[in-house]
Structure formats: C-alpha cells, structure tokens
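Take a look at the model below. This report visits one acidic residue first and one helix after that.

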Amino acid sequence: MLGKTHLAFGLGVASCGIYAINFLGQTQLSSQDLILFYSAIGIGVLLPDIDEPQSLIGRKTLGISNLIKFFFGHRGFTHSLLFILLLAIALGALNYFKILPLILAIGLVLGCILHLIGDMMTPSGVPLLMPFNLKNYHILPKALQFKTGGIFDYLIGIISSSAFIYCNAKPLQKYFLI
C-alpha cells in the first residue's frame, strides 16, 4: 500500500469503529480525545514503514530510516507482531508513568496493526512472526491481492476516505455549520 492509502485505510477503519461505538450509545470521546486518537492512528499507520527511506515517514526520519533499513530491510522487523508487542510495552510504560495519554498509546498501536493488515493484502505480505519465522503472511487469497500503487490501492484509499468523512460528518457539523 502507498503511504496515503495506509493513512486513509487506518483513519477510515478507526472512524468506523468510533462511529459504531457512538451508534451503540457507548461512551463518546471528547473532541480533544478524538483529535488525539486520529492523530495517533495517522502516525501509527505510517510507523512500520520507517524502515523504508523513500516512504512517507521515512523521508521525515531519513537517518533513522536508513539505519533501520540497513539492519532489518523493508517489511522486516517493523512489520512483525514482535515490533507491535515491544511498541505496546514501551507505550504502556509511558502511560503508566503519566508521560503519554492512553488514547495516544492505543491509537499508535492500533495504527501499526492496521498498517500490517493493509500490507497483508498485497502480494508481498508481511513477516508477522519475524524473527522466529520469516514466512510472509497474507489475509487475502492470491487472486484478490493487489499491487501497491495499482488501481485497487487507490480504490481502497477512496473508499476509506469516504468512510472517514461519513463517520465524522455529524461531529464536524458543529465546526462547519453544515
């Protein structure tokens, strides 16, 4: 997936979850928490591609990105469940010591998970069990997997962006007087 598709996909899926929770009458997030959550999703969904200097996030963190790519390659360690587990532990510790709000920790981890799900829809897949197993895993049958930058990549981005806009239209009404 392209970086912009990852971003749209992550925000679209997360907003559908928030919409469903609100629809079911569960606790609603404040506007501030919603902004923090979506910002964390946006960063988290791009974070695994820090191992690629030409990626959206890699261009912003070039020295770190080059170093990670040198040691792990692209779609290596940062695309594994171990990376997500270690990130969750680190963010949990930051939350425990009141350095990072829980909503940010949850958003970052969820964003990373959504990134892996997105990459698992492509022919390359992801090495979920790295470093224990280097096999690449997929969630779609081979016939439905799509090429990064292809028409289906863009279509997922459009559908996900539309879902994000739809799910957030009502909360945005108070800001834009719609």
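Asp153 is buried, yet it has no salt bridge. The nearest side chain of opposite charge is Arg75, 7.8 Å away. A salt bridge needs the two charged groups within 4 Å, so Arg75 at 7.8 Å does not qualify. Keep in mind that this is a predicted model.

Where does Asp153 sit? Its place is in helix H6, which covers residues 151–176. What does its side chain meet there? A polar atom of the Asp153 side chain lies 3.1 Å from the backbone nitrogen of Leu2. Leaving out residues up to four places away in sequence, Asp153 touches Met1, Leu2, Thr5, Phe146, Lys147 and Thr148.

| Partner of Asp153 | Distance |
|---|---|
| Arg75, nearest side chain of opposite charge | 7.8 Å |
| Leu2, backbone nitrogen | 3.1 Å |

Now turn to helix H4, residues 81–96. At 1.5 Å a residue, its 16 residues should span 22 Å. The end C-alpha atoms are 22 Å apart, so the two values agree.

Which residues of H4 are buried? They are Phe83, Ile84, Leu87 and Leu91. These four cover an arc of only 95° around the axis, which means that they lie on the same side of H4. Why can residues apart in sequence share a side? An α-helix has 3.6 residues a turn, so residues three or four places apart point the same way.

The buried residues of H4 pack against helix H5 (102–119). On the other side of H4, Ile89 and Tyr96 are exposed. After H4 comes Lys98, with a positive phi near 60°.

Notes
Residues are numbered from 1 along each chain as its sequence is written. This is a predicted model: local features need pLDDT of at least 70, side-chain atom pairs count only at pLDDT 80 or more; totals for chains, interfaces and linings use all residues. Side-chain values use heavy atoms; hydrogens and water are left out. Helices (H or I, at least four residues) and strands (E, at least two) are DSSP runs, numbered from the N terminus. Buried means under 20% relative accessible area, exposed over 50%, partly exposed in between (1.4 Å probe, protein chains only). Lys and Arg count as positive and Asp and Glu as negative; His and the chain ends are not counted. A polar contact is a pair of N or O atoms within 3.5 Å; within protein, one must be able to donate a hydrogen and the other to accept it, and residues adjacent in sequence count only if both atoms are side-chain atoms. Contact means heavy atoms within 4.5 Å. The expected span of a helix is 1.5 Å times one less than its number of residues. The arc is that of the directions from the helix axis to the C-beta atoms.
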